[in-house]
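Here are some notes for a colleague who is opening this structure for the first time. Please keep the sequence and the 3D view at hand while reading the points below.

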Amino acid sequence: MSFNLMILAADPKSAAEAQHAGIERVFYDLEYINKSERQRGRNTIISNNNIDDIPAVRKVLTTSQLLVRTNPIHAYTKTEVEKAIAYGADVLMLPMVLSDKDVEEYVGYVNGRAKVCIMVETAQALARIDDILAVKGVDEIFIGLNDLHISMGLSFMFELLSDGLVEYVANKCKAKGVPFGFGGIARIGDGMLPAERILAEHVRLGSSSVILSRTFKGEVGENAGIKVELNEEVQKVRAAIDTIKTWTVKDYQQNYEIITKVVKEIINR
């Protein structure tokens, strides 16, 4: 199974740079409903992208896929889906799912015209993962660590990795033959929990996708403000994955133990 790197891009220039760097999926984000309230006080992105700007982004993409995240199920979901498909979305992502009913409604609107990726990022979706995976037309699952840890009242989003909940969902997905991804990574050598550690869990669990964070654009992180060569940073990620794939079972176990230790230290701080 291929491993898809994804990055947020809201304009043709950013999308073209992502494609040139070999990033498989350009992520155009429309989600704004209730997001400010959920993520108040956190250093996260609230989208103000316009759905009618999608064609300009689509136009520059020839090898990378276009993933469009719509809003959660609401009164105008059908309109959003229709427009996103008409504008050339390859994958449609539904956030803040609460039950299989949300998923059935969304899959019905898409009607096989694009891939459907369902986000598991609420406590309700986690509890109802079997029902969600049973819906015909779900092509992929993406575990949204940020909103899921907020929903569960946890301190740090990577608690979900160290406490085995990501592995729980991963095993459910694998049993159903549904590809899954989770969370984001900072640049290699950056981040409170090093990207290499997280990537090793992606490999160990059989994940098929990850989001590249804003550190890849030089917007946040230890080296914020310094120009980032996206090509080089993506190649570092690929090289890290290739190295990790040569690890032994013992290496993966040691990595998981280190993650658990680091996450506990971060929570205690």
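1. In this predicted model, a useful place to begin is the contact between helices α11 and α12, where Glu-196, Leu-199, Ala-200 and Val-203 of α11 meet Val-237, Ala-240, Ile-241 and Ile-244 of α12. Helix α11 covers residues 195-205 and helix α12 covers residues 230-244, and the two pack at an angle of about 55° with their axes 10 Å apart. Angles of 65 to 115 degrees would count as roughly perpendicular and those under 35 degrees as roughly parallel, and α11 and α12 are therefore oblique to each other. The crossing in which α11 passes α12 is right-handed.

2. Helix α11 also packs against helix α13, which is made up of residues 249-268, at an angle of about 130° and with the axes 10 Å apart. On the α11 side the residues involved are Arg-197, Ala-200, Glu-201, Val-203 and Arg-204, and these meet Tyr-252, Asn-255, Tyr-256, Ile-258 and Ile-259 of α13. Roughly antiparallel would require an angle over 145 degrees, and α11 and α13 are therefore oblique to each other. The handedness here is left-handed, whereas α11 passes α12 in a right-handed crossing. Ala-200 and Val-203 are among the α11 residues that meet α12, and they are also among those that meet α13.

3. Helix α4, residues 77-86, has Thr-77, Glu-80, Val-81, Ala-84 and Ile-85 as buried residues. Because they cover an arc of only 125° around the axis, they lie on the same side of α4. As background to this pattern, an α-helix has 3.6 residues a turn, so residues three or four places apart point the same way. The elements against which the buried residues of α4 pack are β3 (65-69), β4 (91-94) and α5 (100-110). Just after the helix, Gly-88 adopts a positive phi of about 105°.

4. Within α4, Ala-84 deserves a closer look, since its relative accessible area of 0% makes it buried. Not counting residues up to four places away in sequence, Ala-84 touches Ile-51, Val-68, Ala-89 and Leu-92. How far apart are Ala-84 and Ala-240 in sequence and in space? They are separated by 156 residues in sequence and by 34 Å in space, C-alpha to C-alpha.

5. In helix α5, the buried residues are Asp-100, Asp-102, Val-103, Tyr-106, Val-107 and Val-110. Looking down the axis of α5, one finds these buried residues within an arc of 150°, so they line one face of the helix. The elements that cover them include α4, β4, β5 and α7 (129-133).

6. Two residues on either side of α5 in the sequence should be checked for their backbone, bearing in mind a general expectation. Most residues other than glycine have a negative phi. Met-96, in the loop between β4 and α5, nevertheless has a positive phi of about 50° although it is not a glycine. Asn-111, in the loop between α5 and β5 (115-120), likewise is not a glycine and has a positive phi of about 55°. Are these two residues buried or exposed? Met-96 is buried, with a relative accessible area of 17%, while Asn-111 is exposed, with a relative accessible area of 61%.

7. How many disulfides does the model contain? The count comes to 0, and Cys-117 is accordingly in no disulfide, the nearest cysteine sulfur being that of Cys-173, 9.8 Å away. A disulfide calls for sulfur atoms within 2.5 Å, so the distance of 9.8 Å between the sulfur of Cys-173 and that of Cys-117 is too far for a bond. Both cysteines are buried, Cys-117 with a relative accessible area of 2% and Cys-173 with a relative accessibility of 0%.

8. Finally, Ser-209 is found in strand β8, which covers residues 209-212. With a relative accessible area of 3%, Ser-209 is buried. Leaving aside neighbours within four places in sequence, Ser-209 is in contact with Phe-3, Asn-4, Met-6, Phe-142, Phe-180, Gly-181, Phe-182 and His-202.

Definitions and conventions
Residues are numbered from 1 along each chain as its sequence is written. This is a predicted model: local features need pLDDT of at least 70, side-chain atom pairs count only at pLDDT 80 or more; totals for chains, interfaces and linings use all residues. Side-chain values use heavy atoms; hydrogens and water are left out. Helices (H or I, at least four residues) and strands (E, at least two) are DSSP runs, numbered from the N terminus. Buried means under 20% relative accessible area, exposed over 50%, partly exposed in between (1.4 Å probe, protein chains only). Contact means heavy atoms within 4.5 Å. The arc is that of the directions from the helix axis to the C-beta atoms. Axes are lines fitted to C-alpha atoms, for helices over the stretch in contact, and angles run from 0 to 180 degrees between N-to-C directions. A crossing is left-handed if the near helix is turned anticlockwise from the far one by less than a right angle, and right-handed if clockwise.
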